[in-house]
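These are my notes on the model, set out as numbered points. Please read them with the structure open.

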Amino acid sequence: MIHDPAASRYELRLDGEVVGFAEYVLRGDTVVFTHTEIRKEYEGRGLGGRLVGGALDQVREDGRTVEPRCSFVARYIELHPEYHDLLAE
């Protein structure tokens, strides 16, 4: 997982190729996730979870909170209680 702040997204790369991304908008100290996408040919391999888990770990490391506007990110957090503390009030 690579954070590309200039593009406002986290990317998942395999062999140097971007196979998925999670876009966000930064509002103060809150990362508002707006869209997550994995290329069709890579779907069903758990890569979305790997991408979002890595992005959330980075958010935690940066001392920020999360607002999951993207349904994939929202569901991931719902299923992984270890990330509930990142949710913005």
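**Notes on the chain**

1. Glutamate 89 counts as exposed, because its relative accessible area is 98%; the classes are buried under 20%, exposed over 50% and partly exposed in between, with a 1.4 Å probe and protein chains only. This residue is found in the segment after helix 2. From glutamate 89 to aspartate 57 the C-alpha distance is 19 Å, with their positions 32 residues apart in sequence.

2. On the source: this is a predicted model, in which local features need pLDDT of at least 70 and side-chain atom pairs count only at pLDDT 80 or more, while totals for chains, interfaces and linings use all residues. Residues are numbered from 1 along each chain as its sequence is written, and side-chain values use heavy atoms, with hydrogens and water left out.

3. Two helices and five strands make up the secondary structure of the chain. Both kinds of element are DSSP runs numbered from the N terminus, helices being H or I with at least four residues and strands E with at least two. Read from the N terminus, the order is β-β-β-β-α-β-α.

4. Overall dimensions come next. The radius of gyration is 12 Å, which agrees with the value near 12 Å for a compact globule of 89 residues; the radius is taken over C-alpha atoms, and the globule rule is 2.2 Å times the number of residues to the power 0.38. Along the principal axes, the C-alpha atoms fill a box of roughly 35 × 30 × 20 Å.

5. Of the 89 residues in the chain, 36% are buried. The exposed area is about 5,200 Å², and carbon and sulfur atoms supply 47% of it; accessible areas come from the Shrake-Rupley method with a 1.4 Å probe, and for residues only the protein chains shown count as cover. Among contacts with a separation of 6 or more, 39% join residues 24 or more positions apart, where contact means heavy atoms within 4.5 Å.

6. The chain carries 11 positive and 17 negative charges, and the mean positions of the two sets are 4 Å apart. Lys and Arg count as positive and Asp and Glu as negative, with His and the chain ends not counted; a charge is placed at NZ of Lys, CZ of Arg, CG of Asp or CD of Glu.

7. Helix 1 covers residues 47-61, 15 residues in number, and its first and last C-alpha atoms are 21 Å apart, close to the expected 21 Å at 1.5 Å a residue. That expected span is 1.5 Å times one less than the number of residues. Leu47, Gly48, Leu51, Val52, Gly53, Gly54, Ala55, Leu56 and Val59 are buried in this helix. The partners of the buried residues of helix 1 are strand 2 (9-14), strand 3 (17-27), strand 4 (30-38), strand 5 (65-68) and helix 2 (71-79). Just after helix 1, glycine 63 has a positive phi of about 75°.

8. Two residues other than glycine also deserve a look at their backbone. Serine 8, in the loop between strand 1 (2-4) and strand 2, has a positive phi near 55°. Its relative accessible area of 28% makes serine 8 partly exposed. Aspartate 15 is in the loop between strand 2 and strand 3, and its phi is likewise positive, near 55°. Aspartate 15 is exposed, at a relative accessible area of 86%.

9. Threonine 36 lies in strand 4 and counts as buried because its relative accessibility is 15%. Neighbours within four places in sequence aside, the contacts of threonine 36 are Phe21, Ala22, Leu51, Val52, Cys70, Phe72 and Val73.

10. Proline 68 belongs to strand 5 and is partly exposed at 26% relative accessibility. With neighbours within four places in sequence left aside, proline 68 is in contact with Phe33, Val73, Ala74, Ile77 and Leu87. The C-alpha atoms of proline 68 and glycine 16 are 27 Å apart, the two residues being 52 apart along the chain.

11. Which residues does leucine 87 touch, not counting residues up to four places away in sequence? They are Val66, Pro68 and Ile77. Leucine 87 sits in the segment after helix 2 and is partly exposed, with 32% relative accessibility. Between leucine 87 and isoleucine 77, 10 residues apart along the chain, the C-alpha separation is 8.7 Å.
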